[in-house]
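Reader: I would like to learn how to read the features of a model such as this one, step by step. Could we take them in turn, with the general idea before the case?

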Amino acid sequence: MSSLQALCSGLPLRPLPENRGRQAGVPHAPVRTPSLSPAEKQLALRNALRYFPPDVQELLAPEFAQELQLYGHIYMYRFCPDIEMRAYSIEQYPCQTKAAAAIMHMIMNNLDPAVAQFPQELVTYGGNGQVFSNWAQFWLTMFYLSKMTEEQTLVMYSGHPLGLFPSSRSAPRLVITNGMVIPNYSSRTEYEKLFALGVTMYGQMTAGSYCYIGPQGIIHGTVLTVLNAARRYLGIEDLAGKVFVTSGLGGMSGAQAKAAVIVGCIGVIAEVDKAALEKRYKQGWLMEVTDSLDRCIQRLREARKKKEVLSLGYHGNVVTLWERLVHELDTTGECLVDLGSDQTSCHNPFNGGYYPVQLSFTEAQNLMASNPAVFKDLVQESLRRQVSAINRLAEEKFFFWDYGNAFLLEAQRAGADVEKKGAGRTEFRYPSYVQHIMGDIFSQGFGPFRWVCTSGDPQDLAVTDELATSVLEEAIADGVRASVKLQYMDNIRWIREAAKHRLVVGSQARILYSDQKGRVAIAVAINQAIACRRIKAPVVLSRDHHDVSGTDSPFRETSNIYDGSAFCADMAVQNFVGDACRGATWVALHNGGGVGWGEVINGGFGLVLDGTPEAERRARLMLSWDVSNGVARRCWSGNQKAYEIICQTMQENSSLVVTLPHKVEDERVLQQALQL
């Protein structure tokens, strides 16, 4: 068993660790099919061996070649550390700086088997969200972090630690880029080759930026989404007896079951992978499971009639479930579902993100590896069937939305009936959850703010919960607009429910949706609590990249921007640079995340609070920019709520000066000009 000290000592070469191969009894990533030429295979092997001195290359080359042949990628299983992988207390890491120890804490949390979807393949969530491309990169990164001073910056190229470079105390300690491929070559086919070669990586959002906090993050987002969907579509606050049907119980989607319970509805979640379903059941996130469709429908009817709170996992394909709901409607006249969505990893539909209804789980995995073209045809047929069933149900009082996983985009590409007549490129027959449900929340500056207590002590997390609740309650008492008050109240409820439902998996972390004022005030309160030792160790502030300013994604985060700039990525890139300039401890910029490779540019940050005045100064400056950037962009695109927020913020801060847009009041001006 390795120690943290050994883990930070560089690649273990003399002696080499035993090659234990793939571990049995844990989930593994699907086999990849990069279709490399003989020359490309040789290049992939050469690239992997360059991490090792010549005297061990002859031994390692055959096993790396075998991994490439069997799994489509060189993960270097021999170097998977023999250590309990988890987020250790910051004081246990052998580092020269608190920042480096905090980053190590976050990295090991992302690879914790209780957190990560495919830990041996270094995948945290989303089917292909990598922390690193291979285990050599992990060892080298830990080594560099252990040596790093306050005047060095570690540079990461798509999982590869390029090295420590001289910088300054005010610079980020870590700068990460993932998947920065030249746009003309940023296709899925090219990605598969480049990843197999070991030269780029899909970091999802918070996998490759070391900021994942387990499914708690998506639970909160799902809670807010379902609450606001009920308000918008059903006109209700109380979801008792209402049925929410969706799919996926993996890395991110596993949150849906717990979210259904928190909002008080009946959640029915389909999952084809029995291991994923059983994991959520053992965690207590699913109340009941069944592999019988008849039992599923029977239980749904009972719970609906009694207005029970229920999370029911159906072990089967979601298409079968949707088609059965149509059958019930057509034979009994009863629509058994009120709200619906989908959280399969449809951003990666042909490599394990979406399983076709025509095959069993095992059959699908085999076909995926042996005949990708036929597998793709079956996936697209399955998508067409799923949409057809949803369309029939939508003729009744049933409401469906795209949950930002590229479901409608892939359905459109498959030829499914999702077109919206006269709509723009980012609009479909059904809205994305940003367009209808969460877009106004983003426009007001609210988004998924989070923090991690690096002591690993639940008591520290309880203190931060108390501080955050007090901050929001004081803001309400001081007076805020009604729409802001509603969001604050939802988040106060969330914090209380989160503690009650034991949502921590992995690191001692919490998430809530807050605006600029709330984020800054919470950060200051936490930093002061560290200073007076009420909190025992530094706290890492972060957020999901899925936020106000962090992501340019025309089919998700920026799908409600209609001035033509939804396909432009200036906001996310500027956010990455701006956070680095204003005090972030580390920053990350990614291609892909959420809706898939080549479809989005997104970025994130980590900021270590250590109780010092300097940490407070950085938090005030950086968090203000991190929110106001996106609000200003939405203001300029014509969003009225963002316009009001920016005007208010400029009144409160004379250093903020934003160009405000003017409306074209008379449409005849445009019409007459275009007739010339």
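Reader: How far apart do the end C-alpha atoms of residues 85-211 lie, and what percentage of the span is helix and what percentage strand?

Author: Bear in mind that this is a predicted model. The end C-alpha atoms of residues 85-211 lie 16 Å apart, and helix accounts for 28% of the span while strand accounts for 18%. The span itself comes from an unreviewed UniProt entry, where it carries the annotation "domain: Urocanase N-terminal".

Reader: Which residues does the annotation "domain: Urocanase C-terminal" cover, and how should I describe that span?

Author: According to the unreviewed UniProt entry, that annotation covers residues 440-646. In the model this span is 50% helix and 17% strand, with its end C-alpha atoms 14 Å apart.

Reader: Into which domains is the chain divided?

Author: The division gives domain 1 (4-197), domain 2 (215-418) and domain 3, the last of these being assembled from the segments 439-446, 467-485, 516-587 and 603-652. For domain 1 and domain 3, the C-alpha centres lie 30 Å apart.

Reader: How is the size of an interface often given?

Author: The size is often given as the accessible area lost when the parts come together. Here domain 1 and domain 3 bury about 1100 Å² between them, and 70% of that area is on carbon and sulfur atoms. On the side of domain 1, the residues that lose the most area to domain 3 are K98, M106 and P172, which together make up 33% of what that side buries. Counted as contacts, 14 residues of domain 1 meet twelve residues of domain 3.

Reader: How many salt bridges are there between domain 1 and domain 3, and how many residue pairs are in polar contact?

Author: The count of salt bridges between domain 1 and domain 3 is zero, whereas five residue pairs are in polar contact across the interface, with both residues of each pair at pLDDT 80 or more. Two elements, α4 (98-110) and β5 (174-178), each give two or more residues to the side of domain 1 that touches domain 3, and the largest share, five residues, comes from α4. By residue class, that side divides into nine nonpolar, two polar and three charged residues.

Reader: Which backbone details deserve a look, beginning with the peptide bond from R14 to P15: is it cis or trans?

Author: That bond is cis, with omega near 0 degrees, and P15 is placed in the loop between α1 (4-7) and α2 (38-49). Another detail is Q204, a residue other than glycine whose phi is positive, near 50 degrees; Q204 is found in the loop between α6 (188-196) and α7 (216-234).

Definitions and conventions: Residues are numbered from 1 along each chain as its sequence is written. This is a predicted model: local features need pLDDT of at least 70, side-chain atom pairs count only at pLDDT 80 or more; totals for chains, interfaces and linings use all residues. Side-chain values use heavy atoms; hydrogens and water are left out. Domain bounds come from an automatic or database domain assignment. Contact means heavy atoms within 4.5 Å. Buried area is the accessible area (1.4 Å probe) that two parts lose on being put together, summed over both. A salt bridge is a side-chain nitrogen of Lys or Arg within 4 Å of a carboxyl oxygen of Asp or Glu. A polar contact is a pair of N or O atoms within 3.5 Å; within protein, one must be able to donate a hydrogen and the other to accept it, and residues adjacent in sequence count only if both atoms are side-chain atoms. Helices (H or I, at least four residues) and strands (E, at least two) are DSSP runs, numbered from the N terminus. Ala, Val, Leu, Ile, Met, Phe, Trp, Tyr, Cys and Pro count as nonpolar, Asp, Glu, Lys and Arg as charged, and the others, Gly among them, as polar. UniProt positions are given in the numbering used here, feature names are shortened, and annotations may be inferred rather than shown by experiment.
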